Structures are given as C-alpha cells and as structure tokens.
Amino acid sequence: MIGRLNHVAIAVPDLRAASAQYANTLGATVGAPQDEPDHGVTVVFIDLPNTKIELLSPLGADSPIAAFLEKNPAGGIHHICYEVQDIQAARDRLLAEGARVLGGAEPRIGAHGKPVLFLHPKDFNGTLLELEEI
Ligand code: CO
C-alpha cells in the first residue's frame, strides 16, 4: 500500500540556523521559509535527489511542534511521510487493521496541497507517520 518516502520532517529550534547548515555545511538546495498557519508551523523544504527534508518550526500559540521541542530542545525527527495512491482506501485499511488514525481519521490538506493523514506513533514503533495521496 505505501509507496515512496515523500519526506522526513525534522523539528528545529532555530529555523534560520538549520536552513543555513543544510545550505552551507551540507550543500543542499534549500527553499524559503513558508508559513503554514493551518498546521501551526513554518516550513523550509529541502530538495534531495530521492526525497525531501522538511525543517519544521513552531508558528502561533498552540503549534504541535512546540511541545515536541520542549521534550527535544536540540530538535529531532518529528515524522516521516509515505506516499499512497488512495488516501481513503489507506484510511479504511488502517482502521480495519486497528491502527489509530489521528484527527478523527479524516484526511486534510497538507503542506503540499494534497490530502494527508497522520497515524499514532505508538502503533508504529514510536514514529509518527504521515500518509500523503499522490
Ligand atoms: Co509532513
């Protein structure tokens, strides 16, 4: 059911410093910061030949990233995103398998303008999973 790795999202305490590190130290192609108020994050997209990295920084009062950074002050991997062909079919299969789909199990529009779902990290080896319909 799952396809390619779409992106790895890394929460960072200092978006400017992390962007500069990826651009200068690692020599990556780094985009400009984009505010995503619906998701409570500012995102910087980094294009790699085979996937993307998303640097996440809190935006607004109840950002989901703020609590994560409190527990992980140096930053850390926040989630990974797999591509699926049909997000409704994926949702139905996951629910039937007993996985917890976050947010009332209804897909919403993610940072790339495509429908996404998030799966409970306790059901997937301690890793928050995002599925994105491609
Ligand atoms: Co994501």
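Strands count as paired here when DSSP finds at least two bridges between them. Keep in mind for every view below that this is a predicted model.

**View 1. The hairpin of strand 4 and strand 5.** Four residues make the link in the hairpin that takes strand 4 into strand 5. The two strands run antiparallel, with seven bridges joining them. One of the facing positions to look for is Thr42, which sits opposite Ser57 of strand 5. Strand 5 also has strand 1 as a partner, this time in the parallel sense and over five bridges. On that side, His7 is the residue standing opposite Lys52 of strand 5. Strand 5 is mostly covered, with five of its seven residues buried.

**View 2. A closer look at Thr42.** Thr42 belongs to strand 4. Is it buried or exposed? Its relative accessibility is 9%, and buried means under 20%, so Thr42 counts as buried. The side chain of Thr42 makes a polar contact of 2.8 Å with the side chain of Asp35. Leaving aside residues up to four places away in sequence, Thr42 touches Leu15, Pro33, Gln34, Asp35, Leu55, Leu56, Ser57 and Leu59.

**View 3. The cobalt site.** Which protein atoms hold on to the cobalt ion? The donors are NE2 of His7, NE2 of His79 and an OE atom of Glu130, lying 2.0 to 2.1 Å from the ion. Along the chain, these donors follow the spacing H-x71-H-x50-E. The two histidines bring distant parts of the chain together: His7 comes from strand 1 and His79 from strand 6, 72 residues apart. With a cut-off of under 20% for buried, His7 qualifies because its relative accessibility is 1%. His79 is buried too, at a relative accessible area of 5%.

**View 4. Helix 2, inside and out.** Helix 2 covers residues 64–71, and its buried residues are Ile65, Phe68 and Leu69. Looking down the helix axis, you'd find these buried residues within an arc of 95 degrees, so they line one face of helix 2. Turn to the other side of helix 2, and Glu70 and Lys71 are exposed. What sits over the buried residues of helix 2? The cover includes strand 1, strand 4, strand 5 and strand 6. At the N-terminal end, Ser63 acts as the cap for helix 2, with a side-chain oxygen 3.1 Å from the backbone nitrogen of Ile65.

**View 5. The nonpolar cores.** Nonpolar side chains in soluble globular proteins tend to be buried together. In this model, the largest nonpolar core has 23 residues, and those touching the most other members are Ile10, Tyr22, Ile46, Ile53, Leu55 and Leu131. Several elements give two or more residues to this core: strand 1, helix 1, strand 4, strand 5, strand 6, helix 3, strand 8 and strand 9. Apart from this core lies another one, made of nine residues, including Ala9, Val43, Phe45 and Phe68.

**View 6. Zooming in on Ile46.** What does Ile46 touch? Not counting residues up to four places away in sequence, its contacts are Tyr22, Ala28, Thr29, Val30, Thr51, Lys52, Ile53 and Leu55. Among these contacts, Tyr22, Ile53 and Leu55 also appear, like Ile46 itself, in the list of residues that touch the most other members of the largest nonpolar core.

Terms used: Residues are numbered from 1 along each chain as its sequence is written. This is a predicted model: local features need pLDDT of at least 70, side-chain atom pairs count only at pLDDT 80 or more; totals for chains, interfaces and linings use all residues. Side-chain values use heavy atoms; hydrogens and water are left out. A nonpolar core is a set of buried Ala, Val, Leu, Ile, Met, Phe, Trp, Tyr and Cys residues joined through side-chain atoms within 4.5 Å. Buried means under 20% relative accessible area, exposed over 50%, partly exposed in between (1.4 Å probe, protein chains only). Contact means heavy atoms within 4.5 Å. Donors are N, O and S atoms within 2.8 Å of the metal (3.2 Å for Na, K and Ca); water is not among the atoms, so sites may look incomplete. The arc is that of the directions from the helix axis to the C-beta atoms. A polar contact is a pair of N or O atoms within 3.5 Å; within protein, one must be able to donate a hydrogen and the other to accept it, and residues adjacent in sequence count only if both atoms are side-chain atoms.
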